[in-house]
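Student: Mind walking me through this one? I'd like to work from one residue outwards.

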Amino acid sequence: MELLGLYHYWVFAILLMIGFYAVIAKLNLVKKLIGLSLFQSAVFLLYITMGKVELGTAPIFSDSGSGIFSNPLPQVLILTAIVVGISTTALGLGIVVRIKEEYGSIEEDEIQEIDRR
Amino acid sequence: MIVMFGIFLLTLLVITAVAIVRAENLFVAVMLMGIASLLIAANFFILDAADVALTEAAVGAGISTVLFLSALALTSERERAKSPNKVLSFLVVGAAALVLIYATFDKPRFGDPQAPVQTHVAPWYLEKTPEYIDIPNVVTAVLGSFRGYDTLGEVFVVFTAGIGVLFLLGRGRPSERSEVINENEGLRHHLIPRVVGRVLIPFILLFGLYVQFHGEYGPGGGFQAGALIAAAIILFALIEGEQRALRVLPHRLLLGLMSAGPLLYGAVGIAGIVLGGNFLDYSPLASNPIKGQQLGILIIEAGVGITVTGVLLSVFHAFAARGR
């Protein structure tokens, strides 16, 4: 259990940084958005990991259960954040599509090159 | 057993994430994102977050993939393979990862019932839900009632993002929209997807409605149901062609749904004031406060579901119309 907990946090850190790497190192705008989604997923994972209680079950009352429940609050926050996340990603993709139409490219360096002219 | 399974899932997740970033073909990257979402959803389930797992599976593995693919169809599928500051970025990211991992050793033990996060407001929610609201699913109770303001805000963010996409991409030129249905649109000429789709779509819709209206008793609620219903209709649009989907749910109706949800949610809040309570206080809505709370949650969850369905479908059609 101890190991699994630490492992969850390490995966959170690594996943967060993989996403961040895609955002800062890649020039392709869609790839940047994919990186941002990974980054976001890592944060979701951290929240849900923190809400877990040992021997607990999902916070839904039932007759047969241990009576120990995991924390419902992080779950509520992340549940709404996932849907908000897809909406904002869609907005980002919309902007990328418009950039492609105006500049003919979705590579950051090419767009900056065109802007400088 | 669970420990091993968790470690297995998380390791697969990291491998998938590395593959996503390394993939030069963006189509591959998007497909791998779907797998990553499914792995995360399975992991949420292990961590007792059934509601979140349902949402992640419907949104991450379903709708997100479709949106990324429609964006790829409008841009380009290949990434040019050069990152000028690869070494520098790698150093920055590596250093930050080490700091983050160092910080994890100070975190409370995994699953510790005495951790600060478990002893703050969460016990109050668990203790008071039966007394004030009397529904089994505490997540729905917190989402709909105790933290109704948050959820109202989130619904407005979803609504705003939908409006933003429509402003950016429009919804196709009017002349294009009224065209006659092209028989070869979508996957109509492929027999297997059509037959499978025809069997699956009614059940996905039914499941969506179940998740919507059973959210008080089991995992579910407006956010999940909205995503599921939108996924079913997007599947219909992919198989039968976008024009046919627009005949079933025209743009005007989708716009109506988009704005009806937040309005319904806000109206419930104001009804609370009119009937003598506070904004978003559902207790005065019925003769007894518990019944009022349950009624309020049912209505606002419907509002959430309507908004999410409307926004996701409008966004999908906006991308699809741009491609024609």
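**From one alanine to the whole core**

Tutor: Sure. B:Ala320 sits in helix α14 of chain B, and keep in mind that this is a predicted model.

Student: Is B:Ala320 buried or exposed?
Tutor: Count the C-beta atoms around it: B:Ala320 has 24 such neighbours inside 10 Å. The cut-off for burial is 20 or more. B:Ala320 passes that mark, so we call it buried.

Student: Which residues is B:Ala320 in contact with, leaving aside those within four places in sequence?
Tutor: Don't confuse contact with C-alpha separation: B:Leu169, 151 residues apart from B:Ala320 along the chain, has its C-alpha 10.0 Å from that of B:Ala320. Contact here needs C-beta atoms within 7 Å. With sequence neighbours left out, the contacts of B:Ala320 are B:Ser70 and B:Glu242.

Student: At what angle do the axes of α11(B) and α14(B) cross?
Tutor: Two numbers describe a helix pair, the distance between the axes and the angle between them. For α11(B) and α14(B), which spans residues 289-323, the axes come within 7 Å. The crossing is right-handed, and its angle is roughly 35°.

Student: How many nonpolar residues are in the contact of α11(B) with α14(B)?
Tutor: On the α11(B) side you'll find, among others, B:Ala227, B:Ala230 and B:Ile233, and they meet a set in α14(B) including B:Val308, B:Leu312 and B:Phe316. B:Ala230 itself touches B:Val308, B:Thr309, B:Leu312 and B:Leu313, among others. Sorting the residues of this helix contact by class gives one charged, five polar and 13 nonpolar.

Student: Which helix gives the largest share of the largest nonpolar core?
Tutor: That core has 129 residues, and B:Ala227 and B:Ala230 are among those with the most contacts inside it, as is A:Leu15. The largest share is 14 residues, from residues 222-240 of chain B, that is, helix α11. Both domain 1 and domain 2 of chain B supply at least three residues each to the core, but the helix you want is α11(B).

Student: How many residues of domain 2 of chain B are in contact with domain 1?
Tutor: The assignment puts domain 1 at 1-111 and domain 2 at 137-324, with C-alpha centres 26 Å apart. Domain 1 brings 14 residues to the contact, 10 of them nonpolar. From domain 2, the count is 18.

Student: Which helix of chain B gives the most to the side that touches chain A?
Tutor: The contact takes 75 residues from chain A and 85 from chain B. By class, the chain B side has 56 nonpolar, 17 polar and 12 charged residues. With 13 residues, the top contributor is helix α3 (residues 50-74).

Key: Residues are numbered from 1 along each chain as its sequence is written. Chains are lettered from A and ligands numbered from 1 in the order in which they are written. This is a predicted model: local features need pLDDT of at least 70, side-chain atom pairs count only at pLDDT 80 or more; totals for chains, interfaces and linings use all residues. A nonpolar core is a set of buried Ala, Val, Leu, Ile, Met, Phe, Trp, Tyr and Cys residues joined through C-beta atoms within 7 Å. A residue is buried if 20 or more other C-beta atoms lie within 10 Å of its own, exposed if 12 or fewer, and partly exposed in between; C-beta atoms are placed from the backbone. Helices (H or I, at least four residues) and strands (E, at least two) are DSSP runs, numbered from the N terminus. Domain bounds come from an automatic or database domain assignment. Two residues are in contact if their C-beta atoms, placed from the backbone, lie within 7 Å. Ala, Val, Leu, Ile, Met, Phe, Trp, Tyr, Cys and Pro count as nonpolar, Asp, Glu, Lys and Arg as charged, and the others, Gly among them, as polar. Axes are lines fitted to C-alpha atoms, for helices over the stretch in contact, and angles run from 0 to 180 degrees between N-to-C directions. A crossing is left-handed if the near helix is turned anticlockwise from the far one by less than a right angle, and right-handed if clockwise.
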